[in-house]
Amino acid sequence: MSTPEVEIVHREEFAAAHRLHNPALSDDENRRIYGICNNERGHGHNYVVDVVVRGPVDPRTGMVMNLVDLAGFVREEIVQPCDHKHLNHDVAFLEGRITTAENLAVAFWERVEPRIAEIGTCRLHRIRVYESRTNFVDYLGPRP
Ligand code: NI
């Protein structure tokens, strides 16, 4: 019997401010594209991030990877730098990116993926970022 592969998920939440604004566009264009999300002084969200790791269930431990380790990676790489910050101004790894949920998911992937890869037996499968209960994005990593 082959070893089954399972996806495990760790969820974290953080609160942050942001402003959707592309400095390469005019103020009028920014207002047209982003509407109220372009508000000059920003606005806030309670973000939810799901980090999904996929791999074989180790027959010795019964686990894909230790969820305590996964929680630690997500807190260090995502929550601590972003929680109670203004994402446009306070978070070095988001510098130069428009702070949409799409771009957050890609940036979070880049932060967390090397930590998972280091383990060697499993891989980052998906980053899901909820900006609200009804709006979320999924990133499955760069195309091979
Ligand atoms: Ni927003």
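In the predicted model, tryptophan 109 touches Pro114, Leu124, His125, Arg126, Ile127, Tyr139, Leu140, Gly141 and Pro142, when residues up to four places away in sequence are not counted. This tryptophan is found in helix 3, and at 10% relative accessibility tryptophan 109 counts as buried. One of its partners, leucine 140, lies 31 residues from tryptophan 109 in sequence, while the two C-alpha atoms are 8.6 Å apart in space.

Helix 3, which comprises residues 101-117, also packs against helix 2, which comprises residues 67-82; the axes of the two helices come within 10 Å and cross at roughly 155 degrees. Because angles over 145 degrees count as roughly antiparallel, helix 2 and helix 3 are assigned to that class. The crossing in which helix 2 passes helix 3 is right-handed. On the side of helix 2, the contact is made by Leu70, Phe73, Glu76, Glu77, Ile78, Pro81 and Cys82, and on the side of helix 3 by Phe108, Arg111, Val112, Arg115 and Ile116. In terms of residue class, the contact of helix 2 with helix 3 is made up of eight nonpolar residues and four charged ones, with no polar residues.

The nickel ion is coordinated by three histidines, namely His18, His43 and His45, each through its NE2 atom and at 2.0 to 2.1 Å. Along the chain, the donors of the nickel ion follow the spacing H-x24-H-x1-H. Two of these ligands fall into separate accessibility classes: histidine 43 has a relative accessible area of 22% and is partly exposed, whereas histidine 45, with a relative accessible area of 18%, is buried. The assignment rests on the 20% cut-off, because a residue counts as buried under that value and as partly exposed between 20% and 50%.

Two loop residues adjoining the elements described above were also examined. Histidine 84 is placed in the loop between helix 2 and strand 3, the latter formed by residues 85-86. Although histidine 84 is not a glycine, its phi is positive, at about 60 degrees. Most residues other than glycine have a negative phi. With a relative accessibility of 66%, histidine 84 counts as exposed. Proline 59, in turn, is placed in the loop between strand 2, which runs over residues 43-56, and helix 2. The relative accessible area of proline 59 is 77%, so this residue is exposed. Proline 59 and threonine 3 are 56 residues apart along the chain, yet their C-alpha atoms are separated by 7.9 Å.

At the level of the whole chain, the protein contains three helices and five strands, which follow the pattern β-α-β-α-β-α-β-β when read along the sequence. The C-alpha trace of the protein spans about 60 × 30 × 25 Å along its principal axes. Of the 144 residues of the protein, 40% count as buried, tryptophan 109 and histidine 45 being among the residues assigned to that class. Where contacts between residues at least 6 apart in sequence are considered, 68% of them join residues at least 24 apart.

Definitions and conventions. Residues are numbered from 1 along each chain as its sequence is written. This is a predicted model: local features need pLDDT of at least 70, side-chain atom pairs count only at pLDDT 80 or more; totals for chains, interfaces and linings use all residues. Side-chain values use heavy atoms; hydrogens and water are left out. Donors are N, O and S atoms within 2.8 Å of the metal (3.2 Å for Na, K and Ca); water is not among the atoms, so sites may look incomplete. Buried means under 20% relative accessible area, exposed over 50%, partly exposed in between (1.4 Å probe, protein chains only). Axes are lines fitted to C-alpha atoms, for helices over the stretch in contact, and angles run from 0 to 180 degrees between N-to-C directions. Helices (H or I, at least four residues) and strands (E, at least two) are DSSP runs, numbered from the N terminus. Angles under 35 degrees count as roughly parallel, over 145 as roughly antiparallel, 65 to 115 as roughly perpendicular and the rest as oblique. A crossing is left-handed if the near helix is turned anticlockwise from the far one by less than a right angle, and right-handed if clockwise. Contact means heavy atoms within 4.5 Å. Ala, Val, Leu, Ile, Met, Phe, Trp, Tyr, Cys and Pro count as nonpolar, Asp, Glu, Lys and Arg as charged, and the others, Gly among them, as polar.
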